[in-house]
Amino acid sequence: MKYRSILLFGPPGVGKGTQGKILGTVPNFFHFACGDAFRSLTVESELGRAFLDYSGRGELVPDEYTVRLWQVTIAGHEKLGDFVPDRDTLVLDGLPRNRNQAEILNDMLDVQSVFSLVCADREKLVQRLQRRALSDNRLDDANVEVIHRRLDTYELETKPVLEFYGDDLVHLIDATQSPAKVLLDVLNVVTRL
Ligand code: ADP
C-alpha cells in the first residue's frame, strides 16, 4: 500500500516548516519534517553524528540514511496510532530532496500534490535564516556561507525534482505573501483533492 501524500518544496527559509506544522494540525493530515527527524537524534548515535557533519556543511545527508530514518519514524507513528495510513494524508516537508530519493519513494508514496513555495529574493531568505539561527538555536543557520551552500544545494539538487512530478501535480505558491495567504493558496488546492 502506498501512503497518500502531499509534498512541500522550497528553499531553506521559505516557510515550509510553518505551513507544514499548520497543515499537520488539520484532522487527517500528518506532518513529517525530515530536518526535525534528524534534529531529534542524539549526537551519540551514528546517524546523529552524520547529520551534524553534513548539515553543518550545508549538504544533504546520504540517501540511504535519510530514507531509513523516514521509514523508521513513520513506522513508529503507525505503531503509536497517531498516523493511520488509511485515514491520513502525509505532509512531507523536506523529503524527497533529490532525484534519487524521489525515485526510491515513488514505490511508497501516492503523491496527490506538490507545493513549490517560491521566493526569488535570496537576500530575504538569508535574513530569515539568520533570524532563525537565534530563535531556533540552529547551528546550520548561524553561518552565512553554510546558508548560501544550502540555497545552492536546493537549486542544484532539489528544485530539479519538481520535473520528476510534472506540471499536473506541481503548484507554485508565492511565498512572499503573508503566511495566512500562503496557507489559503495551499488549502485551496488541498480541499479540491
Ligand atoms: P532547511 O530547509 O531550512 O534547510 P531542514 O530542517 O529541512 O532545513 O533540513 C536541515 C538539514 O537536514 C539539511 O540541510 C540536510 O543536511 C538535512 N536534511 C533534511 N532533509 C533531508 C533530505 N531529505 N535528504 C538529505 N538531507 C536532509
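Biologist: In which helix does Thr 153 lie?
Modeller: Thr 153 lies in helix α7, residues 144–158 (helices are DSSP runs of H or I with at least four residues, strands are runs of E with at least two, and both are numbered from the N terminus). This is a predicted model, in which local features need pLDDT of at least 70 and side-chain atom pairs count only at pLDDT 80 or more, while totals for chains, interfaces and linings use all residues. Residues are numbered from 1 along each chain as its sequence is written, and side-chain values use heavy atoms, with hydrogens and water left out.

Biologist: Why is Thr 153 called buried?
Modeller: Its relative accessible area is 11%. Buried means under 20%, exposed means over 50%, and partly exposed is in between (1.4 Å probe, protein chains only). The value for Thr 153 is under the lower cut-off, so Thr 153 counts as buried.

Biologist: How far apart are the C-alpha atoms of Thr 153 and Arg 57?
Modeller: They are separated by 11 Å, with their positions 96 residues apart along the chain.

Biologist: What makes Asp 53 and Arg 57 a salt bridge?
Modeller: A salt bridge is a side-chain nitrogen of Lys or Arg within 4 Å of a carboxyl oxygen of Asp or Glu. The closest N and O atoms of Asp 53 and Arg 57 are 3.6 Å apart, so the pair meets the rule. Asp 53 is partly exposed at 44% relative accessibility, and Arg 57 is partly exposed at 33%.

Biologist: How many salt bridges does the rule give?
Modeller: The count comes to 13. One of them joins Asp 185 to Lys 181, with closest N and O atoms 3.0 Å apart. Both residues lie in helix α9, 4 residues apart, about one turn of the helix.

Biologist: Which residues are linked in a network of salt bridges?
Modeller: Arg 132, Arg 138, Asp 140, Asp 141 and Arg 150. Within that network, Arg 138 and Asp 141 have their closest N and O atoms 3.6 Å apart.

Biologist: How do you know whether Arg 138 is buried or exposed?
Modeller: Arg 138 has 12% relative accessibility, so it counts as buried. Asp 141, at 0%, is buried as well.

Biologist: Why is Asn 137 called buried or exposed?
Modeller: Asn 137 has 66% relative accessibility and therefore counts as exposed. It sits in the loop between α6 (122–135) and α7. Its phi is near 55°, a positive value in a residue other than glycine.

Biologist: Where is Asn 28?
Modeller: Asn 28 is in the loop between α1 and β2 (29–33). It has a positive phi of about 75° although it is not a glycine. At 41% relative accessibility, Asn 28 is partly exposed.

Biologist: What makes α1 oblique to α9?
Modeller: Helix α1 (residues 16–24) and helix α9 (residues 179–190) pack at about 60°, with axes 10 Å apart. That angle makes α1 oblique to α9, because angles under 35 degrees count as roughly parallel, over 145 as roughly antiparallel, 65 to 115 as roughly perpendicular, and the rest as oblique.

Biologist: What joins Leu 95 and Pro 96?
Modeller: A cis peptide bond joins them, with omega about -5°. Pro 96 is placed in the loop between β3 (89–93) and α5 (99–105).

Biologist: Where is Val 14, and why is it called buried?
Modeller: Val 14 is in the loop between β1 (3–9) and α1. Its relative accessible area is 4%, so Val 14 is buried. Val 14 and Ala 120 are 106 residues apart in sequence and 9.9 Å apart in space, C-alpha to C-alpha.

Note on methods: Axes are lines fitted to C-alpha atoms, for helices over the stretch in contact, and angles run from 0 to 180 degrees between N-to-C directions.
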